[in-house]
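Thank you all for making the time this morning. I would like to walk through a few charged pairs and one helix, so please have the sequence and the structure open as I speak.

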Amino acid sequence: EVPFDFLPVIKADPSLKLVFVDNGSPGVVRPNETKPPFNNVIARRALQYLIDQQEYMQAAVGDPSFYYKFCGSFFICGTANGTEAGSEPYRKKDVAKAKELFAQAGYKGEPLVVLQPTNRTLYKAWSEVLIQNLRDAGLNVKVRAQDWAATMSLWAKKDDWDLSIGDG
């Protein structure tokens, strides 16, 4: 896997061949539905209105002409379950709708922790977009920036996390 910032250089060199392998690997925003605000289904719906696939892919990859494609499916496009039916309301970000739904869900400014892996290029870029979008929607976001192994270790934890670590 070549870092994305090297791809234009490789693509421009006629002695090199750049091969894109489409493995159907989707990005996922995974809220913890056991903790507020995402223990409320309305807050989880609000989160959907903060996702604009193009925005996330532009932040992570850049050039859409070769490195990614838009897919409005809730499942991996090109598979038996890959349908875009019903995804129309969620294809573009709507911060106002997200704010409205977070208010309906009873969100009152509780700290929300986003785990940000720092050594996985795609995940780091995607989490930066997510963090900004959550803040734009008025959420009190704390960031736990750490390597992938530490992120997965913390993700598996069921008790409360130390909120004193993070950017506030």
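Let me start with E100 and K97, whose side chains meet in a salt bridge, with a distance of 3.8 Å from N to O. I should say at once that this is a predicted model, and that everything I describe is computed from it. Both residues lie in helix α4, where they are 3 residues apart, or about one turn of the helix. That spacing matters for reading the picture, because an α-helix has 3.6 residues a turn, so residues three or four places apart point the same way. As for their surroundings, E100 is partly exposed, with a relative accessible area of 39%, and K97 also counts as partly exposed, at 27% relative accessibility.

How many salt bridges does the structure hold? There are 5, and I will take you through two others. In general, side chains of opposite charge can pair when their charged atoms come close.

One of these links K93 with E55, and here the closest N and O atoms are 3.0 Å apart. Which parts of the chain does this pair tie together? K93 lies in the loop between α3, residues 53-60, and α4, residues 95-104, whereas E55 sits in helix α3 itself, so the pair connects parts that are 38 residues apart in sequence. K93 is partly exposed, with a relative accessible area of 30%, and E55 is likewise partly exposed, its value being 26%.

Another salt bridge joins E33 to R30, with 3.4 Å between the closest N and O atoms. E33 counts as partly exposed at 38% relative accessibility, and R30 is partly exposed too, with a relative accessible area of 47%.

Let me now turn from charged pairs to helix α2, which spans residues 41-48 and in which A43, A46 and L47 are buried. Where do these residues sit around the helix? They cover an arc of only 100° around the axis, which puts them on the same side of α2. As to what that buried group meets, the buried residues of α2 pack against α4 and against α5, the helix of residues 121-136. So α4, the helix that holds both E100 and K97, is also one of the packing partners of α2.

Finally, please look at the start of α2, where a side-chain oxygen of N40 reaches to within 2.7 Å of the backbone nitrogen of I42.

Definitions and conventions. Residues numbered from 1 in each chain as written. Predicted model: local features only at pLDDT ≥ 70, side-chain atom pairs only at ≥ 80, totals over all residues. Heavy atoms only, no water. Salt bridge = Lys/Arg side-chain N within 4 Å of Asp/Glu carboxyl O. Buried < 20%, exposed > 50% of the residue type's maximum accessible area, 1.4 Å probe, protein only. Helix = DSSP H or I, 4+ residues; strand = E, 2+ residues; numbered from the N terminus. Arc of directions from axis to C-beta. Contact = heavy atoms within 4.5 Å. Polar contact = N/O pair within 3.5 Å; in protein donor to acceptor, adjacent residues only side chain to side chain.
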